[in-house]
Each structure stands twice: as structure tokens, then as C-alpha cells.
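Let's read a structure together, one feature at a time. Take a look at the sequence and the fold before we start.

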Amino acid sequence: MTIDAGTCFLTDEKATLAFGAALARCTGGRGLLTLRGNLGCGKTTLCRGLLRALGHTGPVKSPTYTLVEPYEIGELRVFHYDLYRLNDPAELEYLGLRDFIDDFTLTLIEWPEKAYPLLPLADLELNLQVSLEGRQLSWHALTPYGNILSAALTLLAEQLVA
Ligand SMILES: Nc1ncnc2c1ncn2[C@@H]1O[C@H](COP(=O)(O)OP(=O)(O)O)[C@@H](O)[C@H]1O
Ligand SMILES: [Mg+2]
């Protein structure tokens, strides 16, 4: 069994929310996760499932225009970025992205490719693609912590589709 990567077919929006919730259980509220995929493939939906599972009860808006939405959930800090409208990776400095990447923070980044090459290495990179009526999700780990997340996700993903 490979532990540094995996895939999962998400049949509908509910499955994407459930996968986000599974990811929340794996992270324990820290790490840098990037989400790639075209507009409308479910990146924000996955983040919504994740934030709700961490205990956030309010709305989860897409940070399309604000570029970042911060959340405080008890002791947890989560920063949800959508860099689609980032014109230049250098603008990241104004968003303080690097300041928000530490061991006590979970950082979620949609459209990470807009920030290359200035983005720190993600723990886990997730990729969503429209497939038939649902979404094909794949992920791979880029750090030792990402490997742990990936292994845990592999087990949880099996339960999700079972
Ligand atoms: N697994 C899925 N199957 C079908 N539709 C989905 C799935 N996951 C999410 N969606 C739908 O895709 C649409 C776009 O989702 P969104 O999360 O805003 O995408 P993105 O952030 O990638 O632009 C929403 O209407 C959502 O309900
Ligand atoms: Mg989005």
C-alpha cells in the first residue's frame, strides 16, 4: 500500500463535505494543504466540510475577492486562501502568508499555482477533477507530516466509499 498518495471518487457534494471532515480528523488542526483543480470542481466545498468538522458553525465563504478568510475555532487558527485573483506571487507578502504557516495553524490554499515559486512546500497537495457527475480526488504528500496525513486519509477514504 502506498502511503504518500491516494485517490477517492466523490459521488456528490455530500461526499466532498465528508472527505473534508475526514481530512479535519487527520490534521488535528495544523499543516499546509493545497487544493488544485478548475473553477467549480469542489475545492471550497471540501474546505467547508473541513472547517465544519473542526467545529466552525458559521458560514464558509469563498475567499475569491478577499483572497483570505481567517477562522478561530477554540484554540485553532485556520486560514483559508483563494489565490485565483493574485496577480503576482510577490503580493503574498502583503497577505502575510508565511507568518501564518506554523505548527499551530492550519492553512488551506486554493489555486496554489498562482503563488509559485514563493509558496512554502505543502504537507499535502490535493487535486480535484470533474468526472462524470462527481469528482475524482487525488492527493500526495510532500513532507513527513504529509505522509502521516496521507496514510490516515487512505484508511478513512476506504470507509467513506464503503
Ligand atoms: N463530489 C461532487 N460531485 C458533484 N458536485 C460537487 C461535488 N463536490 C462539490 N460539488 C459542487 O461543485 C460546485 C462548485 O463547488 P466549489 O466548492 O465552489 O468549487 P471551487 O471552489 O473548486 O471553485 C458546487 O455547486 C458544489 O455543490
Ligand atoms: Mg473555491
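What follows is a short back-and-forth about a predicted model.

Q: How do I read the sheet, and in what order do its strands lie?

A: Start with the general idea: strands of a sheet pair through backbone hydrogen bonds, either parallel or antiparallel. Here you have an open sheet of seven strands with mixed pairing, and the order across it is E1-E7-E6-E2-E5-E4-E3. The edges are strand E1 (5–10) and strand E3 (68–73), each of which pairs on one side only. Step from strand to neighbouring strand and the turn is 15° on average, ignoring direction.

Q: Can we zoom in on one edge? In which sense do E3 and strand E4 pair, and over how many bridges?

A: E3 and E4 (residues 76–82) pair in the antiparallel sense, over six bridges. To follow the register, put your finger on Pro70 and look across to its bridge partner in E4, Phe79. Then try Tyr71, whose bridge partner in E4 is Val78. The two strands form a hairpin with two residues between them, and Gly74 in this hairpin has a positive phi near 60°.

Q: Which helices pack on the sheet, and which strands do they touch?

A: Take helix H1 (residues 13–27): it packs on the sheet and touches E1, strand E2 (31–36), strand E5 (105–110) and strand E7 (134–141). The direction of H1 makes about 150° with that of E1. Helix H4 (residues 144–161) lies across E1, E2, strand E6 (124–131) and E7, and runs at about 30° to E1.

Q: What about helix against helix? At what angle do H1 and H2 pack?

A: For a helix pair, look at the angle, the gap between axes and the handedness. H1 and H2 pack at about 50°, with their axes 7 Å apart. That angle is why H1 counts as oblique to H2. The crossing of H1 past H2 is right-handed. Residues making the contact include Leu17, Ala21 and Leu23 of H1 and Leu46, Cys47 and Leu50 of H2. By type, the contact holds ten nonpolar, four polar and three charged residues.

Q: And how do H1 and H4 meet: at what angle, and through which residues?

A: H1 and H4 pack at about 145°, with axes 9 Å apart, and this crossing is right-handed too. Among the H1 residues that meet H4 are Ala15, Phe19 and Ala22, while H4 brings residues including Leu149, Leu153 and Leu156. The H1–H4 contact divides into twelve nonpolar residues, one polar and one charged.

Q: How should I look at a ligand site? Which residues are closest to ligand 1?

A: List the shell, then ask which elements supply it and what kinds of residue it holds. Ligand 1 is surrounded by 16 residues, and the closest are Thr16, Gly42, Lys43, Thr44 and Thr45. H1, helix H2 (43–53) and E7 each supply at least two residues of this shell. Sorted by type, the shell has four nonpolar, seven polar and five charged residues. Thr16 and Thr45 turn up again in the contact between H1 and H2.

Q: Any backbone oddities I should check? Where is the cis peptide bond?

A: As background, most residues other than glycine have a negative phi, and most peptide bonds are trans. In this model, a cis peptide bond joins Tyr116 and Pro117, with omega about 5°. Pro117 sits in the loop between E5 and E6. Trp111 is also found in the loop between E5 and E6, and its phi is positive, near 55°, in a residue other than glycine.

Note on methods:
Residues are numbered from 1 along each chain as its sequence is written. Chains are lettered from A and ligands numbered from 1 in the order in which they are written. This is a predicted model: local features need pLDDT of at least 70, side-chain atom pairs count only at pLDDT 80 or more; totals for chains, interfaces and linings use all residues. Two strands pair if DSSP finds at least two bridges between them. Helices (H or I, at least four residues) and strands (E, at least two) are DSSP runs, numbered from the N terminus. Axes are lines fitted to C-alpha atoms, for helices over the stretch in contact, and angles run from 0 to 180 degrees between N-to-C directions. Two residues are in contact if their C-beta atoms, placed from the backbone, lie within 7 Å. A residue is near a molecule or strand if its C-beta atom, placed from the backbone, lies within 6 Å of it. Ala, Val, Leu, Ile, Met, Phe, Trp, Tyr, Cys and Pro count as nonpolar, Asp, Glu, Lys and Arg as charged, and the others, Gly among them, as polar. Angles under 35 degrees count as roughly parallel, over 145 as roughly antiparallel, 65 to 115 as roughly perpendicular and the rest as oblique. A crossing is left-handed if the near helix is turned anticlockwise from the far one by less than a right angle, and right-handed if clockwise.
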